[in-house]
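Student: I would like to go through the reasoning behind a few labels used for this structure. Can we take them one at a time?

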Amino acid sequence: MKKNILITGGAGFIGSHVVRLFVTKYPTYKIVNADALTYAGNLENLNEVEDKGNYVFEKADITDGQTIDDLFLKYHFDAVIHLAAESHVDRSIMDPLSFVKTNVLGTGILLNACRVHWKDRMEGKLFYHVSTDEVYGSLGKEGFFTEETRYDPRSPYSSSKAGSDHLVRAYFHTYGLPVVISNCSNNYGSHQFPEKLIPLAIRNIKNNKPVPVYGKGENIRDWLWVNDHARAIDFIFHQGKKGETYNIGGFNEWKNIDLIHLLCEIMDRKLKREKGTSAKLITFVTDRAGHDLRYAIDAAKLNKELGWKPSVRFEEGLEKTVDWYLENEAWLGHVTSGAYQQYYEDQYVKRK
Ligand code: NAD
Ligand code: TYD
């Protein structure tokens, strides 16, 4: 079936995996990637698909209503998969309002464009909102987030994502906009900007720099391979029920410090360093303000209703991830020059 699909944030980490998957798997879909190319957006992530006939890039800011309106007039979208966001918790602590602007206002502008442009015919249309498990807040040692868990976001990032989720549901209930939402746990894999834990640690270990672990490293995250997130988005896009929410997770909880030790072992092996060399770089630093203790997703609904489950074990996914970063030094070099150096300085060097 022919479809024109707007993917927002397609030059970012997860977005680039989703764009790659949809462009190659569905040649009859026209994929329009709209991205503002902030520090986190990198068209190099899309080298493999940039020449494909069913792929178009549009540099566009989702907070600019006129630009979004023009895109809807130009392409007559049948569906939107919305990933564009400010996505890093530490940055949200430094600059909360840019998160409110992009994540809340930007989502509102996209929803409104759908409402206006689809008002005569909602049938066959879909607004797919990609969200995070962080909207549910922080767990103690027990329990899991289900789709029924009460929202309790605690960082500017997660609260801005929660705000965007509420807006999506409001457009479903008020205007009958066909929507679907997924809330996913922490992703890891290739093309992730090295401000997030795993690529930052890989880069620092490689360069013999300290590996910063916040607090005592006891916080727990549920890690999912990014390619499995993209597969889940494919399942939900094609089979998900309108108005529903699906949790996506890796069934894979790790304490930060245990994860870093595993990563150090892999890096020692890959870099042919003596066992224990990389672990010496672990450095405990001041904890993140309001640091959520534990995230853990119950993804049973997605598994039972749509048949999705993760395809790789964490140890295997992490090895592949390390290999990718070691083989793509040029990519790392490009994304870590300029503004990133300043961010790194503010976050880790000045803070000590
Ligand atoms: P990312 O930061 O790597 O990429 C975000 C992309 O959005 C970038 O390409 C950036 O240029 C673009 N963007 C930012 N502001 C924009 C604007 N105003 N207009 C247009 N484009 C803009 O983020 P990511 O990790 O790939 O996350 C993608 C989505 O998935 C986000 O909505 C995030 O909340 C969600 N999510 C991420 C994770 C994770 O572990 N990374 C987990 C669950 C959900
Ligand atoms: P991160 O990758 O920023 O994702 P999120 O905050 O969305 O979960 O961080 C993952 C975990 O690792 C989180 O508990 C914070 C911690 N962390 C560190 O200990 N050191 C670091 O340098 C970073 C970036 C994160």
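Tutor: Yes. Bear in mind that this is a predicted model. By class, the shell around ligand 2 holds eight nonpolar, five polar and five charged residues.

Student: What makes a residue part of the shell around ligand 2?

Tutor: One of its heavy atoms must lie within 4 Å of the ligand. For ligand 2, 18 residues surround it, and the closest are Glu-134, Arg-221, Arg-288, His-291 and Tyr-348.

Student: Which elements supply at least two residues each to that shell?

Tutor: α6 (197-206) and β8 (211-214) do. β8 gives the most, with three residues.

Student: Why is the pair formed by His-291 and ligand 2 called a polar contact?

Tutor: A polar side-chain atom of His-291 lies 2.7 Å from an oxygen atom of ligand 2. The cut-off for a pair of N or O atoms is 3.5 Å, so the pair qualifies. Backbone N or O atoms also take part: one of Tyr-214 lies 2.8 Å from a ligand 2 oxygen, and one of Leu-197 lies 2.9 Å from a ligand 2 oxygen. The protein covers 97% of the 510 Å² of accessible area that ligand 2 has on its own.

Student: Now Leu-259, in helix α8 (residues 256-270). Is Leu-259 buried or exposed, and how do you know?

Tutor: Its relative accessibility is 0%. Buried means under 20%, so Leu-259 counts as buried.

Student: Which residues does Leu-259 touch, not counting those up to four places away in sequence?

Tutor: Ile-198, Trp-223, Trp-254 and Phe-314. Contact here means heavy atoms within 4.5 Å.

Technical notes:
Residues numbered from 1 in each chain as written. Chains lettered and ligands numbered in written order. Predicted model: local features only at pLDDT ≥ 70, side-chain atom pairs only at ≥ 80, totals over all residues. Heavy atoms only, no water. Helix = DSSP H or I, 4+ residues; strand = E, 2+ residues; numbered from the N terminus. Buried < 20%, exposed > 50% of the residue type's maximum accessible area, 1.4 Å probe, protein only. Polar contact = N/O pair within 3.5 Å; in protein donor to acceptor, adjacent residues only side chain to side chain. Areas by Shrake-Rupley, 256 points an atom, 1.4 Å probe, with all protein chains shown as cover. Nonpolar A, V, L, I, M, F, W, Y, C, P; charged D, E, K, R; others polar.
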